[in-house]
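Work through the exercises below with the sequence and the 3D structure open beside you. Try each task before you read its solution.

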Amino acid sequence: MSAVPTPQASAVPGRARGFLSGAREIEDAEVGVRGALPPWLRGTLLLNGPALWELPGGRLEHWFDGYAMWHALRIDGTGVRYRSRFCASESYRRSVAAGAPVYGEFGTANPAGLIARLTSPKVTDNPAVVMSRHGERWLSVTETPSLTYFDPRTLQTLERLDLGRREEPMHLMSAHGFTLPDGSYLNVATALGAKCEMKLFRLAPGSVHPQVIGRMRMPKSGYTHGFGLAPGHALVWETALRAQPLAFRFGAKSYADNFRWDPEGGSVVHAVALDTGGVRSWRIPPMMAFHATQAWADGGDLVLEIAIYDDGVVFDDLRLERRRAGLPMRSRMRHVRYRLRDGRRDAEPEPIAGAAIELQQVHPERIGRGRARVCWGAGNGERGELFDCTHRVDLDSGAVTTWRRAGATHLEPLFVARPGGTADDDGVLLVPTLADSDETTVVGVLDARTMDCVAELRAPQIVPFGFHAAFSAA
Ligand SMILES: [Fe+2]
């Protein structure tokens with residue numbers, strides 16, 4: 001085997017150092033604080049993301065592929081402390097032991113031989129994407145139906161729950177689930193076969209048995225990363241990036257390479273009633289999407305606000321090689337609204353005034369309960385820079401307020417509500433950033449209304465760029 005060296009930091013443009021392996025497990029370190037943290041802000045900022053792409057005998061190819069590391073920044077009123085730990089997933093443990101990847105990942109081909117793939121198909125459990133609450137517990141996932149529980153204080157990996165079973169197969173899962181008011185975990189899984197079936201399911205607190213609420217069948221399922229939750233309904237979209245079902249289960253190609261852009265097939269939004277499981281569907285023009293901003297009900301209509309793409313180029317844009325080289329994003333996201341009218345069978349995207357955003361956020365108390373009038377997200381630069389600013393968008397007026405650290409990549413702006421506050425934007429945003437001139441990651445603490453940066457948290461190392469954060473009150 002030939003050694004696969006990690007590119008030297010000096011060979012990678014400043015802010016693109018966030019795409020390098022090299023983050024360490026740190027047990028306890030001080031976080032430098034500049035400015036004044038709001039006195040009410042107490043708890044733990046949890047960050048999750050890929051942190052290791054190179055092993056001695058092989059490498060992972062895509063930003064999404066790296067082995068997951070969790071990071072905790074604990075804010076307790078006296079200071080801020082940092083801890084980081086790799087998730088002890090099967091994929092990570094076996095690959096590190098073997099010195100090379102043993103599972104296919106999102107953008108890395110499956111290295112298993114044909115017989116192994118046919119007789120014992122395996123999918124990765126590397127949960128580098130989303131952290132969610134399930135009852136009182138925390139879990140971490142990627143886009144497969146493996147839930148990895150972890151301790152948000154120690155960052156220890158606890159047990160893993162694999163949801164797909166013979167009598168209720170599930171091969172893929174949305175990375176983004178929702179935690180319902182009773183602590184249930186709500187998500188959408190896909191069973192791949194001659195016909196595909198998407199299943200909206202609920203996992204009650206403490207339960208290991210998903211209860212399927214509603215089912216949607218289609219010849220080939222679309223790439224699914226998230227869905228929307230309106231009062232009483234889940235809004236599940238089918239992108240026009242369609243799975244090749246058998247190749248997915250048994251082939252050697254990477255996860256991403258098993259999707260084909262199929263605009264002729266169009267796209268669909270399904271509304272699944274949470275009480276009856278009844279499904280209504282609307283045809284929409286072909287689209288690709290990762291994230292809903294929010295979903296809400298307006299009389300008999302349902303409304304989905306979402307960032308969409310007009311093709312599947314974004315997968316390629318986010319390959320590690322392109323990101324380390326700082327190449328411009330060719331894909332363009334659009335922030336749009338679909339109004340799903342009762343009695344109609346189709347819908348068109350209407351532009352949302354303001355700015356195009358990704359990694360969108362709204363006040364978490366509005367999700368599934370009402371409608372937020374304000375959202376936030378990361379914006380791309382005019383020359384195609386990935387996430388070079390943070391936008392606040394007023395969803396009624398289209399007014400945009402922008403925070404930009406010069407020369408920095410801005411990740412998801414996690415909204416943390418002020419206890420006792422009532423307005424949609426009464427709280428702070430916690431925004432991990434890395435500028436060309438930064439020695440380590442800087443988390444901006446922003447007044448979510450004014451977008452003024454009130455404090456900066458300087459982590460003791462570069463936190464490799466991840467996708468989604470969470471805030472634990474503990
Ligand atoms: Fe996501």
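**Exercise 1.** Find where Gly222 lies along the chain, and decide whether Gly222 is buried or exposed.

*Solution.* In this predicted model, Gly222 belongs to the loop between strand 16 and strand 17. The next step is its accessibility: the relative accessible area of Gly222 is 5%, and since buried means under 20%, Gly222 is buried. If we set aside the neighbours within four places in sequence, the residues in contact with Gly222 are Thr239, Leu241, Arg242 and Phe259. For a look across the model, take Leu434, which is 212 residues from Gly222 along the chain, with 33 Å between the two C-alpha atoms.

**Exercise 2.** Name the protein donors of the iron ion, and work out whether the site is irregular.

*Solution.* Begin with the atoms: the NE2 atoms of His176, His225, His291 and His468 are the protein donors, and they lie 2.0 to 2.1 Å from the iron ion. Along the chain, these donors are spaced as H-x48-H-x65-H-x176-H. The site links distant parts of the chain, for His176 sits in the loop between strand 12 (172-173) and strand 13 (178-179), while His468 sits in the loop between strand 35 (453-458) and strand 36 (469-472), 292 residues apart. Now turn to the geometry, where the angles among the 4 donor atoms run from 91 to 152°. Four donors count as tetrahedral if all angles lie between 85 and 135 degrees, and as square planar if opposite donors are over 155 degrees apart. The upper value of 152° fits neither of these rules, and therefore the site is irregular. As a last step, check the accessibility of two of the donors: His176 is buried at a relative accessible area of 15%, and His468 is buried at 5%.

**Exercise 3.** Describe the surroundings of Asn187, starting from its place in the chain.

*Solution.* Asn187 is part of strand 14, which covers residues 185-191, and with a relative accessibility of 0% it counts as buried. Its side chain is joined to the side chain of Tyr185 by a polar contact of 3.0 Å. Beyond the neighbours within four places in sequence, the contacts of Asn187 include the metal donor His176, and among the others are Met173, Lys199 and Phe227.

**Exercise 4.** Which kind of aromatic pair do Phe178 and Phe227 form, and which parts of the chain does the pair tie together?

*Solution.* The count of aromatic pairs comes to 16. For Phe178 and Phe227, the centres are 5.0 Å apart and the planes stand at 85°; because planes over 60 degrees apart count as edge-to-face, this pair is edge-to-face. Phe178 lies in strand 13 and Phe227 in the loop between strand 16 (211-218) and strand 17 (228-230), so the pair ties together parts that are 49 residues apart in sequence. Both rings belong to buried residues, with relative accessible areas of 16% for Phe178 and 3% for Phe227.

The reasoning can be repeated for Tyr223 and Phe290, whose ring centres are 5.9 Å apart and whose planes are at 85°, so this pair is edge-to-face. Here Tyr223 comes from the loop between strand 16 and strand 17, and Phe290 from strand 23 (residues 288-298), 67 residues apart. Tyr223 is buried at 0% relative accessible area, and Phe290 counts as buried at 4%. Tyr223 and Phe290 also belong to one aromatic cluster, whose other members include Trp63, Phe259 and Phe467.

**Exercise 5.** Which polar contacts does the side chain of His134 make?

*Solution.* First place the residue: His134 lies in strand 8 (residues 130-134) and counts as buried at 4% relative accessibility. Its side chain makes a polar contact of 2.8 Å with the side chain of Tyr149, and it also reaches the backbone oxygen of Leu203 at 3.2 Å. Tyr149 has a further partner, as Arg137 lies over the face of its ring, 4.5 Å from the ring centre. A similar arrangement is found where the charged end of Arg371 sits over the ring of Trp296, at 4.0 Å from its centre.

Technical notes. Residues numbered from 1 in each chain as written. Predicted model: local features only at pLDDT ≥ 70, side-chain atom pairs only at ≥ 80, totals over all residues. Heavy atoms only, no water. Donors = N, O, S within 2.8 Å, 3.2 Å for Na, K, Ca; no water. Tetrahedral: all angles 85-135°; square planar, octahedral: opposite > 155°, others 65-115°. Helix = DSSP H or I, 4+ residues; strand = E, 2+ residues; numbered from the N terminus. Buried < 20%, exposed > 50% of the residue type's maximum accessible area, 1.4 Å probe, protein only. Polar contact = N/O pair within 3.5 Å; in protein donor to acceptor, adjacent residues only side chain to side chain. Contact = heavy atoms within 4.5 Å. Phe/Tyr/Trp six-rings, centres within 6.5 Å; stacked < 30°, edge-to-face > 60°. Lys NZ or Arg CZ within 6 Å of the ring centre and 35° of its normal.
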